Amino acid sequence: MVRILCKFIRWYQQGISARRPYRVCRFMPTCSQYMLEALQRFGLKGILLGLWRILRCQPFAHGGFDPVPKHFTFRRQ
């Protein structure tokens, strides 16, 4: 299941996100890269971290550098 989700995210990165004329994500790494790293590090629990990150990606967010945590938690480091 994790492998299928990772392939879908890579398809999105190469097929859709790469064709956009401007950068959209406020965070570094991008939300799709964050989700990919979270899935690889935590398995299916990484989906929760990725969705939490996408919910935080809104116009009033400060953005900036926000790496995947070393341990599973919803707090920013």
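**View 1. Arg56 holds its charge over a ring.** In this close-up, the charged end of Arg56 sits over the ring of Phe27, at 5.6 Å from the ring's centre. Keep in mind for every view here that the model is a predicted one. Phe27 turns up again in View 2, since another arginine, Arg53, touches Phe27 too.

**View 2. Arg53 is a buried arginine in helix α3.** Helix α3 covers residues 45-56, and Arg53 is part of that helix. How buried or exposed is Arg53? Its relative accessible area comes out at 0%, so Arg53 counts as buried. The side chain of Arg53 gets to the backbone oxygen of Asp66, 3.3 Å away. Leaving out residues up to four places away in sequence, Arg53 touches a whole list of partners: Cys25, Phe27, Met28, Pro29, Thr30, Cys31, Tyr34 and Asp66.

**View 3. Ile54 sits in helix α3 and is partly exposed.** Just one step along the chain from Arg53, we come to Ile54, also a resident of helix α3. Its relative accessibility is 43%, which makes Ile54 partly exposed. Which residues does Ile54 touch, if those up to four places away in sequence are not counted? They are Cys31 and Met35. Thr30 is worth finding here as well: Ile54 and Thr30 are 24 residues apart in sequence, while their C-alpha atoms are 9.8 Å apart in space.

**View 4. Phe42 and Phe72 make an edge-to-face pair.** Search the whole structure for aromatic pairs and you find two. One of them is Phe42 with Phe72, with ring centres 5.8 Å apart and 75 degrees between the planes. Phe42 belongs to helix α2, whereas Phe72 is in the segment after β2 (64-65), so this pair ties together parts of the chain that are 30 residues apart in sequence. Phe42 is buried, at 17% relative accessible area. Phe72, with 29% relative accessibility, is partly exposed. Phe72 has another neighbour to look for: Lys45 lies over the face of its ring, 4.9 Å from the centre.

**View 5. Helix α1 turns one face inward.** Helix α1 takes in residues 2-15, 14 residues in total. From first C-alpha to last, α1 reaches 20 Å, close to the 20 Å expected at 1.5 Å a residue. Which residues of α1 are buried? They are Cys6, Ile9 and Gln13. Looking down the axis of α1, you would see these buried residues fall within an arc of 65 degrees, so they line one face of the helix. Over on the other side of α1, the exposed residues are Ile4, Lys7, Phe8 and Gln14. As for what covers the buried residues of α1, that includes helix α2 (31-42).

**View 6. Leu36 of helix α2 meets helix α1.** This last close-up zooms in on Leu36, which is found in helix α2. Leu36 is buried, having a relative accessible area of 5%. What does Leu36 touch, not counting residues up to four places away in sequence? Its contacts are Cys6, Ile9, Arg10 and Gln13. Cys6, Ile9 and Gln13 are the buried residues of α1 that you met in View 5. Lys7, one of the exposed residues of α1, gives a handy distance: Leu36 and Lys7 are 29 residues apart in sequence, yet 9.2 Å apart in space, C-alpha to C-alpha.

Methods
Residues are numbered from 1 along each chain as its sequence is written. This is a predicted model: local features need pLDDT of at least 70, side-chain atom pairs count only at pLDDT 80 or more; totals for chains, interfaces and linings use all residues. Side-chain values use heavy atoms; hydrogens and water are left out. Helices (H or I, at least four residues) and strands (E, at least two) are DSSP runs, numbered from the N terminus. The expected span of a helix is 1.5 Å times one less than its number of residues. Buried means under 20% relative accessible area, exposed over 50%, partly exposed in between (1.4 Å probe, protein chains only). The arc is that of the directions from the helix axis to the C-beta atoms. Contact means heavy atoms within 4.5 Å. Rings of Phe, Tyr and Trp (its six-membered ring) pair if their centres lie within 6.5 Å; planes under 30 degrees apart count as stacked, over 60 as edge-to-face and the rest as tilted. A charge sits over a ring if NZ of Lys or CZ of Arg is within 6 Å of the ring centre and within 35 degrees of the ring normal. A polar contact is a pair of N or O atoms within 3.5 Å; within protein, one must be able to donate a hydrogen and the other to accept it, and residues adjacent in sequence count only if both atoms are side-chain atoms.
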